[in-house]
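Hello,

Here is the structure I promised to pass on to you. Have a look at it first, and then read on for what turned up in it.

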Amino acid sequence: MGIKIKPIVIGMGLVLSGCMSTEKFDDTYQANLNVPSNWQQTSISSAIDSNWLAQLVDPQIHELVAQALENNYQLKSQAYAVAIKEQLLIASGAALWPSLDVSMRSTRNKANQPVNYSNNHSLNLNLSYELDIWGKLSDSERQANLEYLAQKANFEQAKHTLVADVVTAWFKIIEAEKLMQLYQGWVKNAQQNLTIIESGYQQGLSSALDVYLTRNEVNNERSRVANQQAELSQAKRVLERLVGQYPEGELAVKADLPLLLNEIPTGLPSQLMTRKPALIASWYQLLSKDAALAYAHKQRFPSINLTGSIGNSSNEINQLLSPSSLAWSLIGGISAPLFNGGRLAANEERVRLEREQSEQTYLNTLFDAFSSVENALTAGQSLQQRYLTMLAAQENALAAETLSFEQYQSGLVEYTTVLESQKRAFDAQSSVIQIKTQLITNRINLHLALGGDFSSTTTAIQAD
C-alpha cells in the first residue's frame with residue numbers, strides 16, 4: 001500500500017511547490033546593497049579598536065563596568081530572554097524526533113440484570129513520528145534557531161550599550177564635579193568682590209547700587225552651587241542604578257576629563273553589517289521570517305505520519321505485562337489539505353508580507369546605523385573646532401574680567417561692565433568643561449555606532 005501512495009505524494013508535492021515558490025535570502029543580498037566604499041567624514045578606514053575600554057586607565061571605571069555587567073537588571077532580563085529562546089529552539093528541534101508515551105487506564109463497570117461487576121485494565125506504549133520529507137519541520141527548527149541567534153545578538157548589543165552608558169555616566173559625574181568646583185570658586189570670587197566694594201562704599205568710593213549688584217551676584221552664584229549639587233547627586237544616581245546599586249547619590253568619583261582630539265580608525269561601512277550586534281540581530285530576524293515563510297508554504301503539502309502501539313488489556317492488573325497476551329499495531333497515514341476556505345493561502349501571504357516588512361525594518365536599521373556613524377564623525381569634527389575656539393575665548397574672557405575690575409577700582413568703568421565681563425568669563429569656563437565632556441561622549445557614541453567591542457575577547461554570533 002505504501003509503494004502505491006509514494007508516487008501520488010511526490011506528485012502532489014511537485015504540483016503544490018510549482019504553484020508558489022519562495023525566494024530565500026542569502027549573503028548575496030547584503031553584498032548587493034548600495035553601501036559606500038568609505039565613510040564620508042573620515043579617511044581613516046583601518047580596522048577599528050576591538051577594546052576601546054582599555055584606553056581608560058582608571059581602575060574605578062573598569063570595576064564599575066564589571067559590576068554593571070554582573071548586576072544590571074535590564075541586562076539580566078535580556079539574558080533570560082536568550083535562555084527562553086534557547087528552550088524554544090530545543091522544543092522546535094524535538095519535532096524532528098519520534099514521540100513515545102505510555103498510558104494506563106482502569107475501569108470498573110456494573111450490570112443490573114443480573115447484577116454483575118467487571119474490571120478492565122489496559123497498558124499501552126504509543127509511538128508517533130512525522131516524516132519530514134518536505135523539510136517543513138526543518139524550516140520550523142531553522143526559524144527557531146535564527147530567532148535564538150537574533151536574541152543572542154540583541155544581548156550582545158545590550159552589553160555594548162550598557163558599557164557605553166556606564167562610561168558616559170562616569171564622565172558626567174566628573175563633569176558635574178568640575179562644574180561644582182568652578183561654581184564654588186565663583187562664589188568665593190564674588191564674596192571677595194563684595195568685601196572690597198562694601199569697604200569702598202564705607203569710604204565713599206563706591207555707590208550703594210554697586211553694593212546691591214554685588215550682593216545679588218553673590219546670591220546668584222550660591223543658587224547656582226545649590227542647583228549644581230542636585231545635578232551632581234542625580235548624575236551619581238544614574239550610574240548607581242546602571243551598576244545595580246541603590247541610588248543613594250553618594251558614589252565618589254575622583255578623576256579628570258581627558259582631552260580627545262585624535263581621530264580613531266573606523267573600518268569600512270560594509271564591515272558594519274557583520275560587526276555591529278544590532279545589525280546582526282536584525283539580519284537574523286529577517287532570515288527567521290524567511291524560514292517562517294518556507295514553513296507556511298509547506299503547510300499546504302501532504303503530511304505523512306507513522307504511529308505504532310504495543311500494549312495489553314486484562315481484568316487483572318498483574319496480567320498487563322504478560323508477553324503472551326501483548327498486542328501491537330503499526331499504522332501509516334497521509335493527510336493533505338483540500339479545502340480550508342483559503343486559510344492556509346492567507347496565512348502564507350501574511351507571513352510573506354511580514355517578511356517584506358522585516359526586510360524594510362532591516363534596511364532602516366542598517367542605514368540608521370550608517371547615519372549614526374556619519375553624525376558622530378561630523379559632531380566630533382565640530383566639537384574639536386568648538387573646543388579650540390572656546391579655549392581661546394576663555395583666555396580672553398578671564399583677562400577681560402581681571403582688567404574690568406581693576407578699571408572699576410580706578411573709576412574708569414561702571415560696575416555693570418565688571419558684571420558683564422564676569423558673566424562672559426564664567427560662561428567660557430563652563431563651556432570648556434562641557435565641550436570636553438561632549439567630546440568624550442561623542443567618542444563613546446562613535447565606538448558604539450561602529451560596533452566596537454569593549455573587550456579583546458568577543459562573543460561569536462553565528463548559526464549553529
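Strand 1 and strand 2 run antiparallel and are joined by 14 bridges. Please keep in mind that this is a predicted model. The connection from strand 1 to strand 2 is a hairpin of 2 residues. To find your place in the pairing, look for Arg105, which stands opposite Ser122 in strand 2. Strand 1 covers residues 99–112, and of its 14 residues the number buried is 0, so this strand lies largely in the open.

Strand 2 also takes you to the next feature. A search of the whole structure gives 1 cavity of 30 Å³ or more, and the space in the largest cavity is about 30 Å³. Which parts of the chain supply at least two residues each to its lining? They are strand 2 (115–131) and helix 5 (136–202). The residues to select in your viewer are Glu130, Leu131, Asp132, Ile133, Trp134, Lys136 and Leu137. Sorted by class, this lining has 4 nonpolar and 3 charged residues, with no polar ones.

Now to the aromatic rings. The structure holds 10 aromatic pairs. In one of them, the ring centres of Trp186 and Phe426 are 5.9 Å apart and the planes stand at 80°, so this pair is edge-to-face, given that angles over 60 degrees count that way. Trp186 belongs to helix 5 and Phe426 to helix 10 (residues 415–449), so the pair ties together parts that are 240 residues apart in sequence. Are these two residues buried or exposed? Trp186 has 8% relative accessibility and counts as buried, and Phe426, at 7%, counts as buried too.

Another pair is formed by Trp283 and Tyr362: their ring centres are 5.4 Å apart and their planes are at 55°, so this pair is tilted. It also links distant parts of the chain, with Trp283 in helix 8 (residues 277–298) and Tyr362 in helix 9 (residues 343–409), 79 residues apart. Both Trp283 and Tyr362 are buried. Ring pairs join these two with Tyr29 into a cluster.

One more contact is worth a look while you have helix 5 on screen. Where does the charged end of Arg224 sit? You will find it over the ring of Tyr183, 5.9 Å from the ring centre.

Enjoy exploring, and write back with any questions.

Best wishes

Notes
Residues numbered from 1 in each chain as written. Predicted model: local features only at pLDDT ≥ 70, side-chain atom pairs only at ≥ 80, totals over all residues. Heavy atoms only, no water. 1 Å grid on protein atoms, 1.4 Å probe; cavity = no way out; pocket = protein on both sides within 12 Å on 5 of 7 lines; lining within 4 Å. Points joined across faces, edges and corners; volume = space filled by probe spheres on them. Helix = DSSP H or I, 4+ residues; strand = E, 2+ residues; numbered from the N terminus. Nonpolar A, V, L, I, M, F, W, Y, C, P; charged D, E, K, R; others polar. Phe/Tyr/Trp six-rings, centres within 6.5 Å; stacked < 30°, edge-to-face > 60°. Buried < 20%, exposed > 50% of the residue type's maximum accessible area, 1.4 Å probe, protein only. Lys NZ or Arg CZ within 6 Å of the ring centre and 35° of its normal. Pairing = 2+ DSSP bridges.
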